[in-house]
Every structure is written in C-alpha cells, then in structure tokens.
Amino acid sequence: MKKHNFSAGPCILPQEVFKEASQAVLDYNDSGLSIIEISHRSKDFVDIMEEARSLALELLGLEGKGYKALFLQGGASTQFLMAAYNLLQSKAGYINTGSWSDKAIKEAKFFGEVVEIASSKDANYNYIPKGYEIPTDIDYLHCTSNNTIFGTQIKDIPVTNVPLVCDMSSDIFSRELDYSKFSLIYAGAQKNMGPAGTTLVVVKEDILGKIKRQIPSMLDYQVHISKGSMFNTPPVFAVYTSMLTLRWLKKLGGIAAIEELNEKKAKLIYSEIDLNPLFKGFAAKEDRSHMNATFTLVNEDLKETFETMCKEGGINGVNGHRSVGGYRASMYNAMTMNSVAALVDIMGDLERKA
Ligand SMILES: *Cc1c(COP(=O)(O)O)cnc(C)c1O
C-alpha cells in the first residue's frame, strides 16, 4: 500500500514523476539507453538541463530579468559557504531563524565578519523575528525563508537595498513571492523539487565578480554560469527528475495554483491542531509554515496510541526533529489534500478515543 508520506526530506514527489523517472532509467525516450548511462554532453541531456534551468526561472517569474539558474552538487550545505565565498568581501548580515541559518552563519564566518541581525534562538526558534533594523554597510543579507525543523516561515520578505540571499530549500516553488527581490536563491532539491543530489541556485548575474579573493572553479558561480551548469558531470538523474517535477508544476498552473492547494492543506492541519485539545502547535501562529507543521501531544501518555494509529493508517515520517520533539507533518507541493485529511482524521479519532 502506498503510504501518506510526511517525511521532511528526502520526501514525497508526484507519483507521475516517479513513474516517468523510473521508466527513463530503463529506457529514455525509446532510445534504447538509460537516462543514467548517456553522456551528459549528449543532445538528450543538454536539452534536459536547459529545460530544467529555464523552467526554474519561468516558474519563479525571473525570465529575462538578469538571472541564471544552475543545478549544482553538494546540497544547500555547500551553498552556505559558496554564497559567502562569492559575495562576502568584508561584512554580511544574517537573520538567524533556526538550525539551518545557524549553520549558514558558521560557514560564512570563514570569509569575513558576520553580523547576526536578528535571532529567535531565545525561544528555540518558534517564531520569526520582526522589527529589526538592517544595516546598509553589509555586502548582503541572508535569510532562510522556511525553517524546516521548527515549522516557521517568513511571510514578509525583508526589505533592503543590499543583495538579498535566501535559503529556500524547503519552500521554493510553494508560494507566490516577488522573487526578483532576491539576488541569490538556493535550494536543495530533495524538499520540494526532486531527489537528493542536486541544488538549485538562482543568481542575479550583476552581483557576481565583485569580490577580490580568488575562487576555486567548483565554488565559483561565474564558472558554472559560463559552462551552462555543466562545468563537470552534473547529477544527471537528479536534474532529470527535478525537471520532470517542474514540468508537472507548470502543467498544474504553476506556483499560483500550487499555493492555493498548499494553503488549503495548511489550514486543514492547523485547524485540527488548534481545535483538538490533545495537540498543541509549536510555532507562533502568525509565523506558521505552510510546508512543515510542528506540533506536540499535550499528554505524552497518548504517544504510543497515536503512533500506532498513524502506523496503521499508513502515515509515514511524522516524527519531529530531535531539537523540537513531538511531530512534524511536512506537506510539500506533491502532497495531496487526501493525505493531510488522513492524518487529520487520525488526530480526530484519537480525541474521540481518549
Ligand atoms: C534540508 C535543508 C538544508 C540542508 O540541505 P542539504 O541539501 O542536506 O545540504 C538547508 N537548509 C534548509 C532550510 C533545509 O531544509
């Protein structure tokens, strides 16, 4: 039986993408060859890479606005240092909204001064800081749009004249934003776009090349741009599968259409969390993530019963991260309303039983 997969990442992808990707592993486009055995320099693969890059820009509304999309390796974690390597000349500002921001800060410190402009560490990151002042003498401002572990999401993008850099690993392509407010966006594929193994980088070209230090080729955005995201062998399967997911999203009506569904799913689970006296939400209400809902049981004695019910109901991956505890329901783009309803039904059943 196919399960309702609430895993935080790697995570759910559309069923039709799984089907098409597995077919392509056996025989790509009736070529008699697998997608993972053809040359990355072949026309077939170059076309895939180009389609993936252009779909990413198209869906984000960034076509013709001076941006380039790259599919790199090393995960979002490599972007923590690569962003700083390419952009941090003397001082950068970071908003610390969780473990991932914290890690990004740690890496940036190898390259220059890092100012923590705001932080919600004081409350175990259960809210998004607001009302902070952004200095104007920083090379860039870095934020994390969605905090996968804590279940918070930035609703109002910081307003600043310095280049805005954003880790969007867990909510890219999930909601309408003015993406042109960002100069650099990066996202590990495995949360909302594809399998693990590639990282989408969307960068505004005019912010590059301003740094004085030398940058090793593999970590230089300009090198990857000049080589069409093929400086070395790209992760062909991850790029292909991400491309299929982006095609799926476009066919569905793009970000506007998926945002509507994501809002409905979030409303369904959060209203259960709020109305059901057995559960309590972790994140501050106004900052709740539409991608990862974090909650706990009010009475820990019900833990075993609840978890058994989840298991029997085919619910997978709802255990919370160790730094928050409790539960986390990740509801990325490919998750259906039906799956969220299945979890909500179990939460309701528990109330009736208890
Ligand atoms: C998962 C995640 C990361 C880490 O991604 P890797 O690809 O594993 O390096 C970074 N930032 C956020 C917001 C994440 O959710």
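P10 sits in the loop that connects β1 (4-5) with α1. In this predicted model, the peptide bond leading from G9 into P10 is cis, and its omega is near -5 degrees.

Two other residues stand out for their backbone angles. D30 has a positive phi of about 55 degrees, although D30 is not a glycine. This residue belongs to the loop between α1 and α2. Its relative accessibility is 73%, so D30 counts as exposed. Y125, which is not a glycine either, also has a positive phi of about 55 degrees. Y125 is found in the loop between β4 (113-119) and β5 (141-144). With a relative accessible area of 5%, Y125 is buried.

The loop between α1 (15-26) and α2 also holds H40. Is H40 buried or exposed? H40 counts as buried because its relative accessibility is 16%, and the cut-off for buried is under 20%. The side chain of H40 forms a polar contact of 3.4 Å with the side chain of R41. Beyond four places in sequence, H40 touches F45 and V46, together with M230, N232, T233, P234 and V236.

Further along the chain, L62 lies in the loop between α2 (43-59) and β2 (67-72). Its relative accessible area is 0%, so L62 is buried. Which residues does L62 touch, not counting those up to four places away in sequence? They are L57, Y67, Y179, S180 and V202. The fold also brings together L62 and K204, which are 142 residues apart in sequence, with 9.5 Å between their C-alpha atoms.

V202, one of the residues that L62 touches, also appears in the account of the nonpolar interior. The largest nonpolar core has 87 residues, and V202 is among the members that touch the most others, along with F6, F173, L200, I269, F306 and L343. In soluble globular proteins, nonpolar side chains tend to be buried together. F173 shows what such a position looks like in detail. Neighbours within four places in sequence aside, F173 is in contact with A56, L59, L60, Y179, N192, M193, L200, L246, L249, I255, I258 and N333. A second core, separate from the largest, has 30 residues, including L70, F80, A92 and V203.

The remaining topic is the ligand. How many residues surround the ligand? There are 13, and the closest are S77, T148, D167, Q190 and K191. By class, the shell consists of 3 nonpolar, 8 polar and 2 charged residues. Which helix gives the most to this shell? Helix α3 (residues 75-87) does, with 4 residues.

Three side chains place polar atoms by the ligand at listed distances. T148 has a polar side-chain atom 2.4 Å from an oxygen atom of the ligand. For D167, a polar side-chain atom lies 2.6 Å from a ligand nitrogen atom. In the case of Q190, an N or O atom of the side chain is 2.9 Å from an oxygen atom of the ligand. On its own, the ligand has 380 Å² of accessible area, and the protein covers 88% of that.

How values were computed: Residues are numbered from 1 along each chain as its sequence is written. This is a predicted model: local features need pLDDT of at least 70, side-chain atom pairs count only at pLDDT 80 or more; totals for chains, interfaces and linings use all residues. Side-chain values use heavy atoms; hydrogens and water are left out. Helices (H or I, at least four residues) and strands (E, at least two) are DSSP runs, numbered from the N terminus. Buried means under 20% relative accessible area, exposed over 50%, partly exposed in between (1.4 Å probe, protein chains only). Contact means heavy atoms within 4.5 Å. A residue is near a molecule or strand if one of its heavy atoms lies within 4 Å of it. A polar contact is a pair of N or O atoms within 3.5 Å; within protein, one must be able to donate a hydrogen and the other to accept it, and residues adjacent in sequence count only if both atoms are side-chain atoms. Accessible areas come from the Shrake-Rupley method with a 1.4 Å probe; for residues, only the protein chains shown count as cover. Ala, Val, Leu, Ile, Met, Phe, Trp, Tyr, Cys and Pro count as nonpolar, Asp, Glu, Lys and Arg as charged, and the others, Gly among them, as polar. A nonpolar core is a set of buried Ala, Val, Leu, Ile, Met, Phe, Trp, Tyr and Cys residues joined through side-chain atoms within 4.5 Å.
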